[in-house]
Amino acid sequence: MKWYEDKDLRIDFNDIPSIGIRYILPSMSEEEKRSVKKYPFINKVPLDVYLEDKRKSKMYKFTIPKKYCFDGASVPRFFWRVIGSNTDNKFLVPAVIHDYMCENHACVNNDRAFSTRVFNALLQVSGVGNVKRFFMKNSVDIFQKCFCHWRE
């Protein structure tokens, strides 16, 4: 299923992404509760992701497993009034794809700049406006350069 395409990039999925919310239950251990608080979202189906970097003539395929948990968009709380909260549903599909790429650099051949372009395109498809998208894309890219140990 084609999700996005322009002259530089194509993003396809095998199915419509399905994201759920994890809840804290009384029967959970303290460790499980901490996990749900840190990663409140869950990928509900195995999601095959196909990416084409038309600039470099490279294709990537990886699968985000069912039950993969993530934190939503990593928007600091003091920016929520300007950007939106990490739970904004416009951010969830871009976040699950980008978080998975950030945790598994090899799935895009350690290409941080490409992962940022993918994130930006997914935000655009989700209807995130130009100013918010610019801020989110550049913030994520700077954070990755400084703290996520991406090779160039």
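This passage looks at a helix pair, two loop residues with positive phi, a leucine in a further loop and the cysteines of a predicted model.

The helix pair makes a good starting point. Two packed helices are described by the angle between their axes and the distance between the axes. Here, helix α2 spans residues 89-103 and helix α3 spans residues 112-125; their axes lie 8 Å apart and meet at an angle of about 170°. Because angles over 145 degrees count as roughly antiparallel, α2 and α3 are roughly antiparallel to each other. The crossing of α2 past α3 is right-handed. On the α2 side, the contact is built from Phe91, Pro94, Ala95, Ile97, His98 and Met101. Facing them from α3 are Ser115, Thr116, Val118, Phe119, Leu122 and Leu123. By residue class, the contact of α2 with α3 comprises 9 nonpolar and 3 polar residues, with no charged ones.

Attention now turns to the loops, where two residues other than glycine have positive phi values. One of them is serine 57, with phi near 55°. Serine 57 sits in the loop that links β5 (47-53) to β6 (58-64). Its relative accessibility is 67%, so serine 57 counts as exposed, the threshold for that class being over 50%. The other is lysine 67, for which phi is near 75°, again a positive value in a residue other than glycine. Lysine 67 belongs to the loop between β6 and β7 (69-70); strand β6 thus borders the loop of serine 57 as well as that of lysine 67. With a relative accessibility of 58%, lysine 67 also counts as exposed.

A further loop, between β3 (19-21) and α1 (30-38), contains leucine 25. This leucine has a relative accessible area of 43% and is therefore partly exposed. In sequence, leucine 25 and valine 36 are separated by 11 residues, while their C-alpha atoms are 9.7 Å apart in space.

The cysteines complete the picture. A disulfide is a covalent bond between the sulfur atoms of two cysteines, and the structure holds 0 of them. Cysteine 107, for instance, takes part in no disulfide: the nearest cysteine sulfur belongs to cysteine 102 and is 9.1 Å away. Since a disulfide calls for two cysteine sulfur atoms within 2.5 Å, that separation of 9.1 Å leaves cysteine 107 unpaired. As for its surroundings, cysteine 107 has a relative accessibility of 14% and so counts as buried, the cut-off for this class being under 20%.

Terms used. Residues numbered from 1 in each chain as written. Predicted model: local features only at pLDDT ≥ 70, side-chain atom pairs only at ≥ 80, totals over all residues. Heavy atoms only, no water. Buried < 20%, exposed > 50% of the residue type's maximum accessible area, 1.4 Å probe, protein only. Axes fitted to C-alpha atoms, helices over the stretch in contact; angles between N-to-C directions. Helix = DSSP H or I, 4+ residues; strand = E, 2+ residues; numbered from the N terminus. Parallel < 35°, antiparallel > 145°, perpendicular 65-115°, else oblique. Left-handed = near helix turned anticlockwise from the far one by under 90°. Contact = heavy atoms within 4.5 Å. Nonpolar A, V, L, I, M, F, W, Y, C, P; charged D, E, K, R; others polar.
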